[in-house]
Amino acid sequence: MIDLRSDTVTRPTEAMRAAMANAEVGDDVFGDDPSINLLQDTVAERLGKEAALFVSSGTQSNLVALLAHCQRGDEYIAGDMAHAYRWEGGGGAVFGGIQPQPVPMHADGLPDPDTIDSSVKPDDHHFARTKLLCLENTKDGHVQSVDRMREATLVGRKHNLSIHLDGARMWNGVVNLGISAQEFTSEFDTVSMCLSKGLGAPVGSVLSGPADIIHEAHKWRKMSGGAMRQAGVLAAAGLHALDNHVDRLADDHANAARLAEGLGNIDGITVVDQATNMVFIEVDGDEPALQDQLLERGIRTVITPTPRRSLARLVCHLDVSTDDVETAINAFAELAAG
Ligand SMILES: *Cc1c(COP(=O)(O)O)cnc(C)c1O
């Protein structure tokens, strides 16, 4: 099966499973799990932050970051299509009484600096207190350069906001720009990254930042039910991924570019967008059967029919080979011709 639905569908490799099987573990609630401690130290060091915290998911990572930065009645600014605003169930409001201030974003996912500037509320009793700016990189595969991110973070600094990066797929950005993770994240107080997406680990994210904020986040992780015991087996998968699956993200980016090129040559298919490991396409016509027809050929996708065209996001990852990309292109071509 060639699964193009997401980069979250990867299964642990044999080498990753061996690392997990051999992981030294302890009770992390006592701070005793050497594999978790090593993962947290490794991430903090690679990002140049004081401390880091292993958490269950990207959603929990963004949530405990929000709760650590903001008090009840504070607000955070985020893009109106940002994951941390739109796709995380409003957790900051539910658990923290924290109000989001969504703002429009450019095509690369960055909110306009002037919009950020005018969205910061004056210090006045009418308003929620603007406390945090939350950016996302990569966004739908798009990479914002360090200079681009700085245009936004400088505005945040001018207003004394704390600044968080939802870097669920930050490693795709790091590899794409050819810079260090430390440089990529240098403008941010806290950074969330997922081990369970392109890096190919089965579970987990890491939040990093200043020691006092990570200390608070640790408390919120406990309260939100995220304290884990011998989770070093999971941390070992994350460590293995950080050591072995970062540079190879370039292969996913090349595969996605090839997929976009191949699909773009097929009548009836329009490639709307391609960046890093993601390809967005439109297929002419309402194609309710296409997803099933692809599945019959061993290609798993999510194709959303709309009245005039069908839309899909196709994602390349560790379990999609260059040959798989050719197989997928051929399947789309056959079905489009039929
Ligand atoms: C996937 C994702 C998350 C959430 O991660 P989960 O592990 O699915 O909770 C957060 N932010 C971004 C940008 C993501 O892509």
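**Exercise 1.** Which residue stands opposite V191 in strand 7? Work out how strand 7 sits among its neighbours, keeping in mind that this is a predicted model.

*Solution.*
- Start with the partner: L165 is the residue opposite V191.
- Now widen the view to strand 6 (residues 162–167), which runs parallel to strand 7 and is joined to it by four bridges.
- Then look at strand 8 (residues 205–209), which pairs with strand 7 in the antiparallel sense, over four bridges. Here C194 stands opposite S205.
- Finally, check the side chains: T190, S192 and C194 point one way, V191 and M193 the other way, and all are buried.

**Exercise 2.** How many of the 12 residues of helix 3 are buried? Relate the helix to its surroundings.

*Solution.*
- Check the length: helix 3 (residues 58–69) reaches 16 Å from its first C-alpha to its last, close to the 16 Å expected.
- Count burial, taking under 20% relative accessible area as the cut-off. That gives 11 of the 12 residues, so helix 3 is largely enclosed by the rest of the structure. Among the buried ones are G58, L63 and H69.
- Look for a pocket: helix 3 gives the most to the lining of the largest pocket, with three residues.

**Exercise 3.** Where does the largest pocket lie relative to domain 1 and domain 2?

*Solution.*
- Get the volume: the largest pocket holds about 640 Å³ of space.
- Find its centre: of the 29 lining residues, W87, E136, K139, D140 and R313 are the closest to it.
- Place it: domain 1 (10–244) and domain 2 (249–337) both give residues to the lining, so the largest pocket lies between them.

Methods:
Residues are numbered from 1 along each chain as its sequence is written. This is a predicted model: local features need pLDDT of at least 70, side-chain atom pairs count only at pLDDT 80 or more; totals for chains, interfaces and linings use all residues. Side-chain values use heavy atoms; hydrogens and water are left out. Helices (H or I, at least four residues) and strands (E, at least two) are DSSP runs, numbered from the N terminus. The expected span of a helix is 1.5 Å times one less than its number of residues. Buried means under 20% relative accessible area, exposed over 50%, partly exposed in between (1.4 Å probe, protein chains only). Two strands pair if DSSP finds at least two bridges between them. On a 1 Å grid over the protein atoms alone, a cavity is a set of points where a 1.4 Å probe fits but cannot get out, and a pocket is an open set with protein on both sides within 12 Å along at least five of seven lines; lining residues have an atom within 4 Å of a point. Grid points are joined across faces, edges and corners, and a volume is the space filled by probe spheres set on the points. Domain bounds come from an automatic or database domain assignment.
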